[in-house]
Structure formats: C-alpha cells, structure tokens
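Me: Please take a close look at one part of this model, the surface where protein and DNA meet. I should like a connected account of the contacts there and of how the chains are arranged around them.

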2 protein chains.
Amino acid sequence: METPAAAALPKYYVLKEQILTLIEDAAPGTLIPTERALAEQYGTSRTTVRQAIGELVSEGRLDRTQGRGTYVAPPKVTHVRQLTSFTDDAASQGLTAAARIVDVSVLPADPATARRLAVEPGTEIHRVERIRLVDGEPLAHEVAFLAGPLPDLARTVAERGSLYAALREDYEIRISEVEDTVETKLAGPAEVQLLDVEMGAPMLLVHRLGFTPDGQPVEWTESVFRGDRFRFVARMHV
Amino acid sequence: METPAAAALPKYYVLKEQILTLIEDAAPGTLIPTERALAEQYGTSRTTVRQAIGELVSEGRLDRTQGRGTYVAPPKVTHVRQLTSFTDDAASQGLTAAARIVDVSVLPADPATARRLAVEPGTEIHRVERIRLVDGEPLAHEVAFLAGPLPDLARTVAERGSLYAALREDYEIRISEVEDTVETKLAGPAEVQLLDVEMGAPMLLVHRLGFTPDGQPVEWTESVFRGDRFRFVARMHV
DNA sequence: CACGAAAATTGGTCTAGGCCAAAATGATGG
DNA sequence: CCATCATTTTGGCCTAGACCAATTTTCGTG
C-alpha cells in the first residue's frame, strides 16, 4: 500500500525517479533498456516512458539517438566563467574551447540594434555568428553585433580564434563592463540543427551588452546555450 | 503545396506557431479555444494540441487552469537586477517585491555547506527559507545558509523585510562580492506546490556565494526561479 | 433572491497502438 | 576480407479515446 502523497505524483514522475536510481551508478555511455522494454517492465505505456525519459534528457542525465538507443550522459561539467573571454576562461579549467565561425558580415543596423549600440539606424555594423564548442561538442549559438570601424574583421577573428582577443589586440578596443541578462528558452528548429539538442529542450538565452572604459556600448550579443551541458558563472563586486 | 522544410517540422510545432499568431495581439487574460476545439479546428489530436500549448505555457506565453481554460499570460516583465538586494532592486522598477518567510532556524552545518562557508562541519549556522513574491506572485524559492553569530535573526529579517538589509543594519555584515552560478532545472513537486508552476516547467537554478570585504564567505544561497516570469540581470566590471 | 446541489465544461493523466526514419545488424556477392 | 544492400531494432511523431479532478454553470429549493 502506497502513501497518499506518493500516489498523488504523476506516474511518469515516479518512473523518472526509478530510472534515475537505475543510472546513478552507471558509467556515461551505458545503454538503458529500450522504451518498449521499460513500458512492459514497469507496466505502463510507451508514452509515459517517453515523458519520463524526455525530462531526464532535458536535464542532461540521458542522451538518446534514433536507432541507437538511450544511454547515460556525461556529467554537466562545462562550468564556464563568463567574465571576459569564453576562450581564455575555458582553458583555465582544462577544457578545449573553440568557436566555429558561421558568418562574418557587415550590414546596416536595424533600429533595435542601433539603439543598443548607440548609433544611428542604418549605420554599418559588423555581425559575427559563431558556434561555440567545448571539447568538440556544440555548446552555444552566438550572434554578436559590433559598432565601429573594424577593418578585415573576418580575418582577424579567424586568426585570433577569439572575438575579444581580436578586439583587444587588433583594434585596441577593450571591453571593461558588461551587462548580461539570462532567461530560459525552449529549443526550436534552429537550435536542434545547430546545437544537436531535442525540440523543446530548455536552453539559456543570454544577452550581453559590452561597454568600453569610457562607457560606450560596442558589443551586443545574443547567445543560446544548451541548458543540459552548461552552467553560467558570474563573479562580481556589489 | 508546402515547402519540404515546413513539412519536416513536427506538427505540434507548426500548431504552436499558429497559436502564437492567434494570441500575439490579445490582451492578457483572454481565453483561447479549448483543447478539444483546437484539435478539431486544426484537424489534429488533443495530445498534439496539448504539446503545443504546453511549450507556450513553459515559455510564459499562456497560463492554464483545470476547469477554467487556457488564457494569454501577462508579459515577462519581472526584470530583476540581481546585484545587491532583490528587495531594493525591484522597487527601482516600480515592482512591489516581498518575501514570505517559510522558516528561520539554526542547525549544524553539513559537510558541503561547511566547506562553502569555510567553517568546521557541525558548526551552528543559520538557515533562512523564503518565497520571493513580485506583485503578489510567487517568483522564487530560496534557501540561504549564513555563518557567524546572528542573534535574533528571525526577528530582524522579519522586521527589515530583507535579508541583506538585516545583515547590513543589524549585524554590520556587508556583502561586497558574490559568485553566482545559473543553470536550468525542471520543476518537480516542490516547485509545483511552492511556486504554482507546472510539472516539468523550465526553472532557473541559481547558487550564490556571498563574501565580506575581507574575503570571508558568509552566505550560501540556493534559489529556484520561475523560468517563465523571470529574467536575471548582472552588470559587472571585467 | 440566496444558497447549495447537480450537471456540464475544461484541463490532467494515461493507455494502446500505428506509421515513419535513423542506426545497427546480418546476409550476400565481389 | 570487404563493400553493399536488405532486415531488424530503436527512437520520433501522432491518433483516438478513456477516466479523473477542478471549476464554472445551471437549476431547484428554501
């Protein structure tokens, strides 16, 4: 006989906790039983099994691929300190961070971006779209908008491997203050394609406005991070 | 005839976007058609409708209550700057922030908390559990652990209405540096009960370690914020 | 008119199963 | 021994409908 409280919990949630106990001591990569097997084993429907597994995938505890199966995910170690440069910072944790450049272009500022960068709408600004990788895995999709003349930006970013390094070394632009906003977002088709996550997976949506020492905004960035692999760290004076 | 790309999208996602266009100009509180009506109207099953609506609820675009219906949610205005005090800060945006104290107690530090606060395990520390409210709505569940002698903490926190104010005014403890980590988490039974969210809704899990000017850690806080109502803002020097 | 009980409405959970697509597996021919 | 193709396995998406619980609405009664 169950306690009333336990009985009031949704069945999929009870199953989710049971699967958790199944995998808590398992090595990453270990296959768990198939959805059909779990449904039979726990006397439930496959729909309910999928709901339980779906949440564990969202939380980064399981990974699954069609045709292969569902297996224990590696732990959420990607602990990136978002202070200055993503690249510099990851190295200090023994992680190999990289960025794959998707697009570097110049375009006229739309009204919203122009307002954020404190330029006239229509002013030519730079757009840098990248995929951030940690240990080879895609972790974030990032689109940065930059004000000011930045000749040959595509080349310098590619060479430096880091946008902040290029700004500092090649253009003598130092970003000394940033304002980050963090909120949740669910993965849509774009994130599914670019970041190898499932539809509807929780993501961290981060907006950053970067200022030079004289208070001029020069960088406006929108980033979408995988919620199942990423932990955002900010240390600051109050 | 549809484009192949559009046809490849899951049906529930297409429906989700259609519902979005339905509600984008609607006032908060406006009821949308019932799930059964939408299923018939769009020639789909109720399961698919529920998946589409479920994501919109997770994103804070819709609210729903059993027996009542599904309606347009108020916008995600709760823009809380997490710099110093939640209380002080919300006021600057014209929001009425409050905290409902659930529990204030003294207990011996467990090993993990002791390590974070740099005290010996077993040392008596304070525990302050609160529900943060903005404009009357529960927004976050927060458990703070504090080191040091803090006589009559329950009373002072209740009187000041703000933990940080009590520390500053009554105990002359100033927190001058904080380290926040932010990650995603899915709502479980605790959050459903305390914060009035749905099971599995995306939440922001925030850990904060607060230091005094001489570098002593004195505050360790774990907070769970509603992902559909909250936006975390951090402005910092680099 | 006010109140409370009954009925209808609406979201909440779950089942059983079908069809598809990707990956792994195994058979087959060079 | 290896490459190629068909088969099987596994997750991905969807349907149709049952039953429950919370809420609202309706309606009868005092």
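Reply: In this predicted model, a polar backbone atom of Gly67(B) lies 3.3 Å from a base oxygen of DNA strand C. Gln66(B) also addresses a base of this strand: an N or O atom of its side chain is 3.3 Å from a base nitrogen. A phosphate of strand C is approached from chain A, where a polar side-chain atom of Thr48(A) stands 2.6 Å from a phosphate oxygen.

These contacts belong to a wider surface. There are 23 residues around DNA strand C, and those that come nearest are Lys11(A), Thr48(A), Gln66(A), Arg46(B) and Arg50(B). Of the strand C atoms that come within 4 Å of the protein, 63% are accounted for by sugar and phosphate. Both chains supply the surface: at least two residues come from each of α2 and α4 (46-58) of chain A, and from each of α3 (35-41), α4 (46-58), β1 (62-65) and β2 (69-72) of chain B. The element that gives the most is α4(A), with 3 residues. By class, the surface near strand C comprises 13 polar, 8 charged and 2 nonpolar residues.

DNA strand D can be described in similar terms. A polar backbone atom of Gly67(A) is 3.2 Å from a base oxygen of strand D, and a polar side-chain atom of Gln66(A) is 3.3 Å from a base nitrogen. A phosphate oxygen of strand D lies 3.3 Å from a polar side-chain atom of Arg64(A). Two or more residues of the surface near strand D are given by each of α3 (35-41), α4, β1 (62-65) and β2 (69-72) of chain A, and by each of α2 (11-23) and α4 of chain B. Here α4(B) provides the largest share, 3 residues.

Of the 24 residues around strand D, the nearest are Arg50(A), Lys11(B), Ser45(B), Thr48(B) and Gln66(B). Sugar or phosphate makes up 65% of the strand D atoms within 4 Å of the protein, and bases make up the rest. The class composition of this surface is 13 polar, 9 charged and 2 nonpolar residues.

The arrangement of the two protein chains bears on this description. A turn of 180° with a shift of 0.1 Å along the axis lays chain B on chain A with an RMSD of 0.1 Å. The two copies are thus related as by a two-fold rotation axis. Moreover, 100% of the interface residues of chain B are also interface residues in chain A, so the copies meet through the same surface.

One contact between the chains involves Glu177(B), a residue of strand β7 of chain B. Its side chain makes a polar contact of 3.2 Å with the side chain of Arg235(A). Leaving aside residues up to four places away in sequence, Glu177(B) touches Arg235(A), Met236(A), His237(A) and Val238(A), as well as Leu209(B), Gly210(B) and Phe211(B).

The second largest pocket also draws on both chains. Its space is about 470 Å³, and it is lined by 26 residues, with Leu20(A), Glu59(A), Gly60(A), Arg61(A) and Lys76(A) nearest its centre. Two or more lining residues come from each of α2 (11-23) of chain A and β7 (177-186) and α9 (189-195) of chain B. The most, 5 residues, come from α2(A), a helix that also supplies at least two residues of the surface near strand C. By class, the pocket lining has 12 nonpolar, 11 charged and 3 polar residues.

Definitions and conventions:
Residues are numbered from 1 along each chain as its sequence is written. Chains are lettered from A and ligands numbered from 1 in the order in which they are written. This is a predicted model: local features need pLDDT of at least 70, side-chain atom pairs count only at pLDDT 80 or more; totals for chains, interfaces and linings use all residues. Side-chain values use heavy atoms; hydrogens and water are left out. On a 1 Å grid over the protein atoms alone, a cavity is a set of points where a 1.4 Å probe fits but cannot get out, and a pocket is an open set with protein on both sides within 12 Å along at least five of seven lines; lining residues have an atom within 4 Å of a point. Grid points are joined across faces, edges and corners, and a volume is the space filled by probe spheres set on the points. Helices (H or I, at least four residues) and strands (E, at least two) are DSSP runs, numbered from the N terminus. Ala, Val, Leu, Ile, Met, Phe, Trp, Tyr, Cys and Pro count as nonpolar, Asp, Glu, Lys and Arg as charged, and the others, Gly among them, as polar. A residue is near a molecule or strand if one of its heavy atoms lies within 4 Å of it. A polar contact is a pair of N or O atoms within 3.5 Å; within protein, one must be able to donate a hydrogen and the other to accept it, and residues adjacent in sequence count only if both atoms are side-chain atoms. Contact means heavy atoms within 4.5 Å. Copies are superposed by least squares on the C-alpha atoms of residues with pLDDT of at least 70 in both.
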